Amino acid sequence: LELQRQYYSLGKYALQIETDINPLERNRVEIHIKITEGDEAEVYALNIIGNKKYSTRDLLFETSLGEPALFGGRENYSKQILLSDIEAIKSFYMDRGYINFSVNSTQVSITPDKQDVYVTLNISEGELYTIDDIKFSGDLVVDKKELYGLVDFKSGDVFSRSKLSKTRKSILGRLAKDGYAFANVNLSPEVDNKKKTVTLTVFVQPGKRAYVRRVNIAGNTKTRDSVVRREIRQMEGGKMSTDLIGKSRLRLNRTG
């Protein structure tokens, strides 16, 4: 059954498994397993039910299983691809302010010849949410005005999960520039379902500042270490700076 589930997850529903058991001496048996994989089933149609804000065509363009059908093609079915497509549709809505989006049910139907698959997603879009306010909390080792400049939102903007991730990366990058290489930044959205707004709180935990003990050079067979080291802008004994490390990499690449 486990072997069957593995093949089914890859869309090989025409799978045939035959077993042959031969008794041996001393209470032993010899088992022969013959597997006929068959062709992978193809997605004949990916149907989406419950979408009102965006057309089915727009949503299918976000998927791997549904997009080929828009141009008369087909895609081999697999459970992993379906799960990836569901996440892609979820991200589509979450990036456009629909934070309560959900997939209520997923139905996968197979034709009798086990060659075609029909997939139906029943979704709830939810309501549109906007940003009400942005707050900072924690140990703010960087000036708050500068941190606000790294936030990819402003009051009144539509909530976006991708902008949330971009903001977190920007703040982590700014902290790493000052040597806080192991900082932790969490963005906590507080949802007001009556006003359909989100208050975003950014928790900053810079941790301890990291310092560079040694800069080791390896792989340089054409020149001396001193030639490479003169391009390094990150100094030994100094605070670790991703900005200086990036400049060092750029200068080294320019040397040829």
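This is a short tour of a predicted model, with suggestions for what to select at each stop.

**The sheet**

Begin by selecting strands β6, β8 and β7, which in that order form an open sheet of three strands with mixed pairing. At the edges of this sheet lie β6, covering residues 130-138, and β7, covering residues 184-192, each of which pairs on one side only. If you look across the strands, the twist from one strand to the next averages 20°.

Next, keep β7 in view together with β8, residues 197-205; these two strands run antiparallel and are joined by nine bridges. To see one residue pair within this arrangement, select Asn-186 and then Phe-203, its bridge partner in β8. Now add helix α6 to the selection: this helix packs on the sheet, where it touches β6, β7 and β8, and its direction makes an angle of about 150° with that of β7.

**Along helix α6**

With the helix still displayed, show the side chains of Lys-166 and Asp-152, which meet in a salt bridge with an N to O distance of 3.8 Å. Which parts of the chain does this pair link? Lys-166 belongs to helix α6, residues 161-177, whereas Asp-152 sits in the loop between α5 (144-150) and α6, so that distant parts of the chain, 14 residues apart, are linked by the pair. Turning on a surface display is useful here, since Lys-166 is partly exposed, with a relative accessible area of 48%, and Asp-152 also counts as partly exposed, at 28% relative accessibility.

**A network of charged side chains**

Move on to Arg-174 and Asp-178, which form a salt bridge whose closest N and O atoms are 3.0 Å apart. Is Arg-174 buried or exposed? At 16% relative accessibility, Arg-174 counts as buried, because the cut-off for that term is under 20% relative accessible area. Add Glu-146 to the selection as well, and you will have the three residues, Glu-146, Arg-174 and Asp-178, that are linked in a network of salt bridges.

**A pair at the surface**

For a last stop, select Glu-25 and Arg-26, which form a salt bridge with the closest N and O atoms 3.2 Å apart. Both Glu-25 and Arg-26 are exposed. The salt bridges visited on this tour are among the 11 that the structure holds, and the remaining ones can be explored in the viewer in the manner used above.

Terms used. Residues are numbered from 1 along each chain as its sequence is written. This is a predicted model: local features need pLDDT of at least 70, side-chain atom pairs count only at pLDDT 80 or more; totals for chains, interfaces and linings use all residues. Side-chain values use heavy atoms; hydrogens and water are left out. A salt bridge is a side-chain nitrogen of Lys or Arg within 4 Å of a carboxyl oxygen of Asp or Glu. Buried means under 20% relative accessible area, exposed over 50%, partly exposed in between (1.4 Å probe, protein chains only). Helices (H or I, at least four residues) and strands (E, at least two) are DSSP runs, numbered from the N terminus. Two strands pair if DSSP finds at least two bridges between them. Axes are lines fitted to C-alpha atoms, for helices over the stretch in contact, and angles run from 0 to 180 degrees between N-to-C directions. Contact means heavy atoms within 4.5 Å.
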